[in-house]
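I opened this notebook to keep track of what I looked up, starting with how the two chains meet and going on to the charged pairs.

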Number of protein chains: 2
Amino acid sequence: MKQTSSSHVVLAHGGGGELTRKLLSERVIPRLANEFLDPLTDSAVLPAVEGEICFTTDSYVVEPLIFPGGDIGRLAICGTVNDLAVMGARPLALSVGLILEEGLPLELLDRVVDSMAAAAKEAAVPVVTGDTKVIEQRGGSGMTITTAGVGAMRAGFRPGAGLIEAGDRVIVSGLIAEHGLAVMAARESLGIDSLLKSDAAPLAGLVKTVCDACHTIRFVRDPTRGGVAGVVADLVDDAALGVEIEESALPIAPAVRHAAELLGLDPLTVANEGKIVIVVSEEDAERALEACRSHPLGRAATIVGRIVESDPPLAELITRIGGRLVIQRPYGEELPRIC
Amino acid sequence: MKQTSSSHVVLAHGGGGELTRKLLSERVIPRLANEFLDPLTDSAVLPAVEGEICFTTDSYVVEPLIFPGGDIGRLAICGTVNDLAVMGARPLALSVGLILEEGLPLELLDRVVDSMAAAAKEAAVPVVTGDTKVIEQRGGSGMTITTAGVGAMRAGFRPGAGLIEAGDRVIVSGLIAEHGLAVMAARESLGIDSLLKSDAAPLAGLVKTVCDACHTIRFVRDPTRGGVAGVVADLVDDAALGVEIEESALPIAPAVRHAAELLGLDPLTVANEGKIVIVVSEEDAERALEACRSHPLGRAATIVGRIVESDPPLAELITRIGGRLVIQRPYGEELPRIC
């Protein structure tokens with residue numbers, strides 16, 4: 001099919017002229033519409049915020065653009081909402097920077113923008129400002145998205161590795177390694193696609209539920225790139241304490257375990273996009289667990305380990321037969337372009 | 001030369017593991033260091049802001065990455081600072097999303113990050129949070145950057161097309177069309193490179209100087225993609241008034257005029273990255289002009305036109321011989337990948 005500006009992205013869509021205006025006003029803005037975005041000025045103006053402001057950004061280069069359980073649009077919204085949420089912030093507004101490759105079917109763009117709109121609605125956070133550029137066709141996946149987010153910090157609440165103490169418990173909010181394996185399975189056509197689904201979801205509600213229920217939450221993080229292993233490795237570095245994770249306690253779906261084995265991957269190092277790792281005091285661990293399980297996105301929450309004195313500080317996996325394996329941050333790109 | 005992870009970007013630099021951490025902690029963070037960025041959490045926490053918040057984003061895909069007068073790093077900082085500034089906001093903090101292509105020489109990355117740091121210092125706005133991803137080598141320019149920015153709105157000051165009245169004057173803060181032509185000349189090797197230089201500069205100081213001096217500023221915009229023509233066309237659409245621009249008054253350097261002729265381009269439609277278009281009441285026009293000229297980035301400011309009643313609303317160029325040409329927003333991509 002001939003690629004025209006009415007069926008596919010062309011370089012001119014990024015030129016800042018009439019065609020850019022048309023693309024945005026006909027296909028993008030109406031899908032994301034809200035009172036802040038609609039003035040279409042260079043920047044959005046947001047109401048005053050009481051207290052400290054939380055600010056974050058993430059770029060998304062996932063391939064394929066659409067995968068079981070989600071797509072790059074859903075991922076870009078959820079990821080940035082989650083980066084705000086794990087800081088204990090209430091997400092207020094998102095920005096979206098689209099870099100499109102010429103030749104991208106406009107229908108695919110529409111689908112991704114619809115998905116962004118749906119995820120933003122689910123998270124109750126509007127996309128208030130954005131930008132669109134076009135680059136030459138070079139056989140890439142067709143688009144990258146960079147979202148940024150602004151949130152309001154909760155007064156008197158600032159989780160962080162510095163608060164962690166020996167004896168604290170480590171909770172994982174649900175089944176791990178789903179996102180990374182769903183994307184890899186889709187890309188490699190493993191034939192087990194139908195069983196694997198990305199967990200991409202906006203977690204601000206879950207984090208709020210847990211933090212409201214439990215005031216000794218020390219630390220919250222979303223285990224994306226690098227997986228639970230990456231979070232635990234950071235934790236050990238930053239808190240200078242040890243972590244013990246019980247292999248038998250890790251919530252892993254059978255299909256995920258199977259796919260990880262096929263691909264030679266350790267589920268602990270695989271990216272999640274809808275889970276949190278929580279560290280909480282020993283006495284509040286059960287309350288935090290219950291709070292987690294009371295939320296639709298935390299039903300399968302589990303206490304998976306605890307913080308220990310350890311010199312040098314180490315993260316260790318206690319295996320089913322009682323052995324000990326050091327948990328390390330993955331070195332490089334075990335799963336390229338997963339988010 | 002063999003490409004290794006110590007000389008060039010490899011996919012693993014984007015994996016979120018040890019190599020990502022090394023890249024950021026050794027090459028990126030030290031160059032941009034500030035109190036907000038250094039904790040390296042998922043999000044930055046900024047002090048409370050009084051009043052409304054301004055939020056914006058822009059993606060940068062300029063090719064080549066380095067051009068006379070600037071580079072993609074300088075551009076990415078200045079562009080987002082300027083989008084906040086033209087809203088009348090005081091820029092507070094920036095985020096940076098880097099998408100790197102494998103094979104990018106790390107020395108080039110260093111140079112771009114140094115340039116971001118220098119521009120951020122010049123603008124007095126810290127880069128407080130960021131993200132880095134890596135995509136496969138496909139013969140692209142090597143990197144794209146998406147910046148977002150947060151600013152504090154000035155109380156009681158909200159310039160916008162809705163404030164514009166017939167009789168108002170249009171000021172351009174200096175020589176136009178320099179950025180777009182410098183990039184195109186560098187890309188096409190026109191041999192006139194040495195005379196053309198991008199004007200990329202952070203404009204928050206200039207906008208503040210003008211707005212402090214003159215309380216009837218109606219509208220401020222930075223004429224980037226689409227150039228002055230694009231701004232004027234937007235103005236006509238949004239204010240439903242006409243604009244007359246005097247061709248003889250437009251500040252254009254001889255080398256720029258020459259390059260535009262060579263490339264068959266109208267300087268009015270060419271991108272600027274260090275200029276503002278201001279609309280101000282007739283009685284305050286001289287005061288605004290003087291304020292502009294008192295700032296190092298506004299020395300060549302000129303009154304180039306005025307707002308008129310016009311039905312239908314039209315933007316017109318009054319030529320040197322008294323003719324009238326309709327000024328239109330460029331249709332598509334006359335200058336691809338200019339910013």
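I began with polar contacts between chain B and chain A, and in this predicted model the count is 34 residue pairs, both residues of each pair being at pLDDT 80 or more. Next I asked which parts of chain B make up the side that touches chain A, and found that α1 (18–32), β1 (44–46), β2 (53–60), α2 (72–85), β5 (89–101), β6 (127–135), β7 (143–153) and α6 (227–239) each supply at least two residues. Of these I marked β6(B), which gives the most, with 8 residues. Sorting the residues on this side of chain B by kind, I noted 31 nonpolar, 23 polar and 21 charged.

I then looked up the extent of the contact, which takes 75 residues from chain B and 75 residues from chain A. The two chains bury about 6000 Å² between them, with 56% of it on carbon and sulfur atoms. Within the area that chain B buries against chain A, I singled out Asp42(B), Phe55(B) and Arg225(B), which supply 13%, more than any other three residues.

Strand pairing across the chains was my next entry: β2 of chain A, residues 53–60, is joined to β1(B) by 3 bridges, and the two run antiparallel. Following that pairing, I found Cys54(A) opposite Val45(B) in β1(B).

How many salt bridges are there over all chains? My search of the whole structure gave 56, and across the interface of chain B and chain A the rule finds 10. I wrote down Glu136(A) with Arg337(B), whose closest N and O atoms are 2.5 Å apart. This pair crosses between chains, from the loop between β6 (127–135) and β7 (143–153) of chain A to the segment after β14 (324–326) of chain B, and both Glu136(A) and Arg337(B) are buried.

Inside chain A, I checked Asp237(A) and Arg329(A), whose side chains meet in a salt bridge at 3.0 Å, N to O. Because Asp237(A) lies in helix α6 (residues 227–239) and Arg329(A) in the segment after β14 (324–326), the pair ties together parts that are 92 residues apart in sequence. Asp237(A) is partly exposed, with a relative accessible area of 44%, whereas Arg329(A) is buried at 11%.

My last entry concerns a network in which salt bridges that share partners join Glu18(A), Arg21(A), Arg221(B), Asp234(B), Asp237(B) and Arg329(B). For Arg21(A) and Asp234(B), I noted a salt bridge of 2.9 Å, N to O.

How values were computed:
Residues numbered from 1 in each chain as written. Chains lettered and ligands numbered in written order. Predicted model: local features only at pLDDT ≥ 70, side-chain atom pairs only at ≥ 80, totals over all residues. Heavy atoms only, no water. Contact = heavy atoms within 4.5 Å. Buried area = accessible area lost by both parts, 1.4 Å probe. Salt bridge = Lys/Arg side-chain N within 4 Å of Asp/Glu carboxyl O. Polar contact = N/O pair within 3.5 Å; in protein donor to acceptor, adjacent residues only side chain to side chain. Helix = DSSP H or I, 4+ residues; strand = E, 2+ residues; numbered from the N terminus. Nonpolar A, V, L, I, M, F, W, Y, C, P; charged D, E, K, R; others polar. Pairing = 2+ DSSP bridges. Buried < 20%, exposed > 50% of the residue type's maximum accessible area, 1.4 Å probe, protein only.
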